[in-house]
Protein chains: 2
Amino acid sequence: MSDNFAIRTSWLAGELASAVGVSTDTLRHYERKGVLPRPSRTANGYRRYPEGSLERVLLVRRALSVGFTLDQLAAILRERDNGGAPCRQVRELAGAKLLDVEEQLKALTAMKDELAGLVAEWDRLLAETPMDEPAGLLHGMSLETRSTKNGSAKLPLSQMSRKRKSQK
Amino acid sequence: MSDNFAIRTSWLAGELASAVGVSTDTLRHYERKGVLPRPSRTANGYRRYPEGSLERVLLVRRALSVGFTLDQLAAILRERDNGGAPCRQVRELAGAKLLDVEEQLKALTAMKDELAGLVAEWDRLLAETPMDEPAGLLHGMSLETRSTKNGSAKLPLSQMSRKRKSQK
DNA sequence: CTAAACTATGGAATCGATTCCAGTGTCAAG
DNA sequence: CTTGACACTGGAATCGATTCCATAGTTTAG
């Protein structure tokens, strides 16, 4: 096999896709949305993704996983790509996102602890509960539905409040 | 106001909805999806949610916030409602969710660094660049860190890959 | 020459939670 | 009786990321 990914200096769509674990459709979508620069083409019209593409796509994936939107990401990455100073709005966006991420980090850490504790507790209960007993595991979920004003993307807890469409 | 929620023994749709902070549409949706048992009706056809409904809905909200899906939840709760002990399933799902959370934490940390670096770099650039270019890119980009507006909320990075419809 | 395995394209479909819509019924107050 | 605030219904829309589709050109192996 020639899937010597690490040493690649350019990628064909399928190679890059399988290297990062997404579909070529997804790569094409990213390109459409502007988070991936349009790659040059080989003689036959195939995309030839440049060297750093793997890292780039992984970056996008990370960003998405923490709640970025492709559009937001596109704005930021485009600015970054042309190297110069970003316009204020994009700088603001990045700053807001940074705060957001930091907040998520806290919330998620708390969540991890709670969840871990919960699971541990459950395992204890399950061990001593006959299989026919309710044991009501879900009732033990002590996660507060604190209406955290909201603000973070993937943090379910914060997103759970109301969000009016017209109210903004 | 008669929002004497705590002492209610039965609820009208709107009452319950505002008590838990969701819309009646959402309650109806939950019913459709099977996470809320279909309530009895008053003479005029209005839903009369039974006593424990507030807790039930809060439970659903909590579970959603931890990453459960309405469908997963429906399966579990239906089981439980007619006497079963779905605890093992719950334990399993929670365990999976915990793994997701841990992975998410990694992504968040990486993202924080990435973003912080970028912002720092930009601020450096901005500081030494005369503001000659307004550069009003970003047409309608809301600075609002608009969280998961809805739907497709948190994609656990682990299962962010492709998901076959038929292959489950 | 042909089949398999790539590549390409634009547009449509899918998924999940929630919301919106339009039409209708019910009830209490004025 | 009318008005307003509720309630009811099924279905459609929304949003974002991803996938699927149908169609078509290229390359490589047999």
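**α1 and α3, chain A**

I began with how these two helices sit: α1(A) and α3(A) come out oblique to each other, because their packing angle is about 50 degrees and roughly perpendicular would only start at 65. This is a predicted model, so I kept that in mind throughout. The helices span residues 13-20 and 53-65, and their axes are 10 Å apart. I also looked up the handedness, and α1(A) passes α3(A) in a right-handed crossing.

Next I asked which residues meet there. From α1(A) I noted A:L16, A:A19 and A:V20; facing them in α3(A) are A:S53, A:L54, A:V57 and A:L58. I sorted the residues of this contact by type and got six nonpolar, one polar and no charged.

**A:S53**

I then went back to the serine, which is found in helix α3 of chain A. Is A:S53 buried or exposed? Its relative accessible area is 8%, and that makes A:S53 buried, since the cut-off is under 20%. Ignoring neighbours within four places in sequence, I found A:S53 in contact with A:W11 and A:L16.

**α1, chain B**

Over in chain B, I listed the buried residues of helix α1 (residues 13-20) and got B:L16, B:A17 and B:V20. They cover an arc of only 100 degrees around the axis, so they lie on the same side of α1(B). That made me recall the general rule: with 3.6 residues a turn, an α-helix has residues three or four places apart pointing the same way.

I checked what covers the buried residues of α1(B), and the cover includes α2 (24-33) and α3 (53-65) of chain B. Last entry: just after α1(B), B:G21 takes a positive phi of about 85 degrees.

Definitions and conventions:
Residues are numbered from 1 along each chain as its sequence is written. Chains are lettered from A and ligands numbered from 1 in the order in which they are written. This is a predicted model: local features need pLDDT of at least 70, side-chain atom pairs count only at pLDDT 80 or more; totals for chains, interfaces and linings use all residues. Side-chain values use heavy atoms; hydrogens and water are left out. Axes are lines fitted to C-alpha atoms, for helices over the stretch in contact, and angles run from 0 to 180 degrees between N-to-C directions. Helices (H or I, at least four residues) and strands (E, at least two) are DSSP runs, numbered from the N terminus. Angles under 35 degrees count as roughly parallel, over 145 as roughly antiparallel, 65 to 115 as roughly perpendicular and the rest as oblique. A crossing is left-handed if the near helix is turned anticlockwise from the far one by less than a right angle, and right-handed if clockwise. Contact means heavy atoms within 4.5 Å. Ala, Val, Leu, Ile, Met, Phe, Trp, Tyr, Cys and Pro count as nonpolar, Asp, Glu, Lys and Arg as charged, and the others, Gly among them, as polar. Buried means under 20% relative accessible area, exposed over 50%, partly exposed in between (1.4 Å probe, protein chains only). The arc is that of the directions from the helix axis to the C-beta atoms.
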